[in-house]
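This report covers the surroundings of a ligand and a few residues elsewhere in the chain. The structure is shown first.

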Amino acid sequence: MSNVPSPVIWFTGLSGSGKTSLGKMLINTLKGDEVPCEFLDGDLVRDFFGNDLGYSREERIQNIKRICFAAKLLSDHGITCVVANIAPFYEVRDFVRSKLSNYLQIYLEVAPEVVVNRDVKGLYKKASASGSSNLVGIDIPYDIPRRPDLVLQTGQESIDDSFTKLKSFLIHRGVISL
Ligand SMILES: Nc1ncnc2c1ncn2[C@@H]1O[C@H](COP(=O)(O)OP(=O)(O)OP(=O)(O)O)[C@@H](O)[C@H]1O
Ligand SMILES: [Mg+2]
């Protein structure tokens with residue numbers, strides 16, 4: 001086994017920015033390439049722990065730390081990880097970067113009005129109806145990544161175009177083959 005940890009490709013961006021969608025496409029490509037890989041979607045990790053965590057700042061940070069721990073173990077053992085989690089705070093993104101030595105941060109940049117309009121999970125509608133939500137971008141600020149490894153404009157381009165750009169970047173980094 002190689003001593004270099006496998007990459008952890010972490011999608012960050014607002015709810016509805018496309019983390020899960022692009023993450024699934026990437027996992028399919030990695031599997032097609034026979035790269036050992038795992039998909040760590042924030043929602044699945046929450047489910048695994050019986051949804052014991054809510055959506056406050058502290059609880060979000062706890063969920064991200066759980067994801068980071070799993071990603072580190074997998075990556076150290078040669079499994080490429082794809083993470084879909086909003087990870088909205090500088091503090092926790094710095095924590096993740098400090099723990100993972102082969103970490104690629106992919107920022108899915110999208111205007112808030114686009115995701116509110118998409119409202120894939122109905123969260124934005126619910127937030128506007130209730131007036132309070134713990135929703136990132138509404139009640140909880142999203143810290144714009146300062147030094148992402150790649151930015152994709154997922155509000156302005158098609159998902160296929162975003163994925164093509166992602167693949168080019170990952171080929172360049174040697175994560176996937178041509
Ligand atoms: N360029 C793009 N990249 C990714 N998704 C896109 C793009 N254009 C449109 N979409 C659509 O936007 C939606 C994104 O939903 P998705 O569930 O992937 O978001 P998410 O970031 O995982 O949200 P959440 O944080 O709530 O889990 C999908 O319906 C997807 O088809
Ligand atoms: Mg998702």
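In this predicted model, 18 residues surround ligand 1, and those that come nearest are Ser15, Gly16, Lys19, Ser21 and Lys121. By class, the shell around ligand 1 is made up of 9 polar, 5 charged and 4 nonpolar residues.

Polar backbone atoms of the protein approach ligand 1 at several points, including the three pairs below.

| Residue (backbone atom) | Ligand 1 atom | Distance |
|---|---|---|
| Ser17, polar backbone atom | oxygen | 3.3 Å |
| Ser158, polar backbone atom | nitrogen | 3.3 Å |
| Ile159, backbone N or O | nitrogen | 3.4 Å |

On its own, ligand 1 has 650 Å² of accessible area, and the protein covers 79% of it. The elements that contribute two or more residues to the shell around ligand 1 are helix H1, residues 19-32, and helix H7, residues 159-172. Of the elements, H1 gives the most to this shell, with 4 residues. As for its location, ligand 1 sits in the largest pocket.

Ser17 also takes part in a contact within the protein. The side chain of Thr154 reaches the backbone oxygen of Ser17 at 2.7 Å. Thr154 belongs to the loop that runs between strand S5, residues 150-153, and H7. Is Thr154 buried or exposed? Its relative accessibility is 7%, so Thr154 counts as buried, the cut-off being under 20%.

Two further residues can be described in the same terms. Val82 is part of strand S3, which spans residues 80-84. Val82 has a relative accessible area of 0% and is therefore buried. Val82 and Leu30 are 52 residues apart along the chain, and their C-alpha atoms are separated by 9.8 Å.

Tyr142 is found in the loop between helix H6, residues 123-130, and S5. Tyr142 is classed as buried because its relative accessible area is 13%, which is under 20%. What separation do the C-alpha atoms of Tyr142 and Phe95 have? The value is 16 Å, for two residues that are 47 residues apart along the chain.

To return to the ligand, Ser17 links the two parts of this account: a polar backbone atom of Ser17 is 3.3 Å from an oxygen atom of ligand 1, and the backbone oxygen of Ser17 is reached by the side chain of Thr154.

Methods. Residues numbered from 1 in each chain as written. Chains lettered and ligands numbered in written order. Predicted model: local features only at pLDDT ≥ 70, side-chain atom pairs only at ≥ 80, totals over all residues. Heavy atoms only, no water. Near = heavy atom within 4 Å. Polar contact = N/O pair within 3.5 Å; in protein donor to acceptor, adjacent residues only side chain to side chain. Areas by Shrake-Rupley, 256 points an atom, 1.4 Å probe, with all protein chains shown as cover. 1 Å grid on protein atoms, 1.4 Å probe; cavity = no way out; pocket = protein on both sides within 12 Å on 5 of 7 lines; lining within 4 Å. Sits in = over half its atoms within 2 Å of the grid points. Nonpolar A, V, L, I, M, F, W, Y, C, P; charged D, E, K, R; others polar. Buried < 20%, exposed > 50% of the residue type's maximum accessible area, 1.4 Å probe, protein only.
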